[in-house]
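Student: I am new to this structure. Please give me a close look at the surroundings of the ligand, and then link that place to the rest of the chain.

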Amino acid sequence: MSIRSIVEIKALQDLVSEWRGAGLRVGFVPTMGALHDGHLSLVTQAKTLADRVVVSIFVNPMQFGPQEDFSKYPRTLAADLDLLQKNGCTDAVFLPNAADIYPDGFATKIVNTDMATMLDGKSRPGHFDGVLTVVHKLFNIVRPDVALFGQKDYQQWRLIERMARDLLLPIEIVGCDIVRESDGLAMSSRNRFLSESERSLARQIFTAMTLGKKAFAASGGDHKKAGDACYDELRKNPAFVVDYVEVRDEVTLKPIVDLLVKSAVILVAVRIGSTRLIDNMQITTPTVVGVLS
Ligand code: AMP
């Protein structure tokens with residue numbers, strides 16, 4: 001079966017209505033294209049959770065700041081469709097036009113006033129308004145039963161979960177594991193912007209987070225030690241411009257007040273040359289297994 005590409009909103013809605021009429025469960029994977037194995041892992045998981053899967057490809061102008069890389073964001077549609085076809089994702093690929101997503105006079109947006117103001121929301125003002133608004137619009141069009149997001153964009157995933165709860169959306173939100181290259185670098189559409197030397201440096205992000213994770217475990221859950229170990233490793237190399245290294249509550253992303261905690265998440269944003277990379281790692285203290293006599 002060949003891949004079904006759909007541009008018109010109405011055509012996608014009609015197709016999904018047809019599926020729903022037949023009692024089928026619909027899964028949804030929103031993307032901005034330039035697909036890689038990280039995206040494909042979401043699609044593979046979606047197929048296990050739904051009878052039909054819609055993948056959208058839309059480079060959303062609203063989530064890019066004026067100084068950001070919207071115009072140079074990679075657009076590789078032919079290769080993306082090929083990859084989806086090869087991976088058996090042929091139910092529907094939704095390729096909406098910006099003019100349909102943002103009709104003339106568009107003036108309504110979704111704003112999270114708490115979690116979206118920290119971390120990447122602080123560094124990229126308005127970014128999450130753009131993300132939440134477009135995801136909400138796409139949800140309204142696709143009306144999925146289940147939608148899948150990568151934990152690679154950890155704050156985005158948590159914000160979408162929050163939006164679904166806050167706005168009572170009848171959609172199950174699933175966060176999928178981060179897919180990494182063999183040296184630990186998280187796969188990202190932006191990795192292709194890295195020069196060879198930048199690419200080899202980028203693996204240090206994973207090394208630094210791993211050191212943070214070890215420091216956390218060794219100290220019985222000291223989040224400050226975890227953050228320091230990660231930050232110290234990153235700042236060893238002046239080619240990294242560290243935007244932030246934070247160890248936060250893994251659900252609310254708020255700063256941790258207790259000295260010791262059982263689990264947390266390390267969140268990192270760095271710039272290498274002109275490329276900004278984000279990554280994260282969930283950390284836990286080792287479970288002590290009691291010996292029963
Ligand atoms: P993007 O095209 O960058 O907007 O990403 C689309 C979806 O793929 C988002 O839910 C991302 O979190 C997810 N994603 C991107 N990279 C990875 C990765 N390396 N592992 C898992 N999911 C990813």
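Tutor: We start at the ligand, then follow salt bridges, the nonpolar core and two unusual loop residues.

The model is predicted, so local features need pLDDT of at least 70 and side-chain atom pairs count only at pLDDT 80 or more, while totals for chains, interfaces and linings use all residues. Residues are numbered from 1 along each chain as its sequence is written, and side-chain values use heavy atoms, with hydrogens and water left out.

Begin with the ligand. Around the ligand there are 17 residues (a residue is near if one of its heavy atoms lies within 4 Å). Met-32, Gly-150, Asp-153, Val-179 and Met-187 come nearest. Three polar contacts deserve a look (pairs of N or O atoms within 3.5 Å; within protein, one must be able to donate a hydrogen and the other to accept it, and residues adjacent in sequence count only if both atoms are side-chain atoms). A polar backbone atom of Gly-150 is 2.8 Å from an oxygen atom of the ligand. For Met-32, a polar backbone atom is 2.9 Å from a ligand oxygen. Val-179 offers a polar backbone atom to a nitrogen of the ligand, again at 2.9 Å. On its own, the ligand has 490 Å² of accessible area, and the protein covers 93% of it (Shrake-Rupley method, 1.4 Å probe; for residues, only the protein chains shown count as cover).

Which elements build this shell? Strand S2 (26-31), helix H2 (37-49) and strand S5 (146-150) each supply at least two residues (helices are DSSP runs of H or I with at least four residues, strands runs of E with at least two, numbered from the N terminus). The largest share, three residues, comes from H2. By class, the shell holds eight nonpolar, six polar and three charged residues (Ala, Val, Leu, Ile, Met, Phe, Trp, Tyr, Cys and Pro count as nonpolar; Asp, Glu, Lys and Arg as charged; the others, Gly among them, as polar).

Now the nonpolar core. The largest one has 43 residues (buried Ala, Val, Leu, Ile, Met, Phe, Trp, Tyr and Cys residues joined through side-chain atoms within 4.5 Å; buried means under 20% relative accessible area, exposed over 50%, partly exposed in between, with a 1.4 Å probe and protein chains only). Leu-12, Val-54, Phe-139 and Ile-173 have the most contacts inside this core. Helix H1 (9-21), strand S4 (92-94), helix H6 (127-142), H7 and strand S8 (263-272) are among the elements that give at least two residues each. S2 and S5 do so too, and both also supply the ligand shell. H6 gives the most, with nine residues.

Next come the charges. Side chains of opposite charge can pair when their charged atoms come close. The whole structure has 19 salt bridges (a side-chain nitrogen of Lys or Arg within 4 Å of a carboxyl oxygen of Asp or Glu). Look along helix H7 (residues 154-166). Glu-161 pairs with Arg-158, the closest N and O atoms being 2.8 Å apart. The two lie three residues apart in H7, about one turn of the helix. Glu-161 counts as buried at 15% relative accessibility, and Arg-158 is buried at 9%. A second pair in H7 joins Arg-162 and Asp-166, at 2.7 Å. Those two are four residues apart, about one turn of the helix. Arg-162 is partly exposed at 31%, as is Asp-166 at 44%.

Another bridge reaches further along the chain. Asp-183 and Arg-199 meet at 3.0 Å, N to O. Asp-183 lies in the loop between strand S6 (172-176) and helix H8 (196-202) and Arg-199 in H8, so the pair ties together parts that are 16 residues apart in sequence. Asp-183 is partly exposed at 24%, and so is Arg-199 at 23%. Elsewhere, Asp-120, Asp-243 and Arg-276 are linked in a network of salt bridges.

Finish with two backbone oddities. Most residues other than glycine have a negative phi, and most peptide bonds are trans. Leu-119 has a positive phi of about 50 degrees. Leu-119 sits in the loop between helix H4 (98-101) and H5, and is buried at 6%. Leu-168 has a positive phi of about 55 degrees. The loop between H7 and S6 holds Leu-168, which is exposed at 72%.
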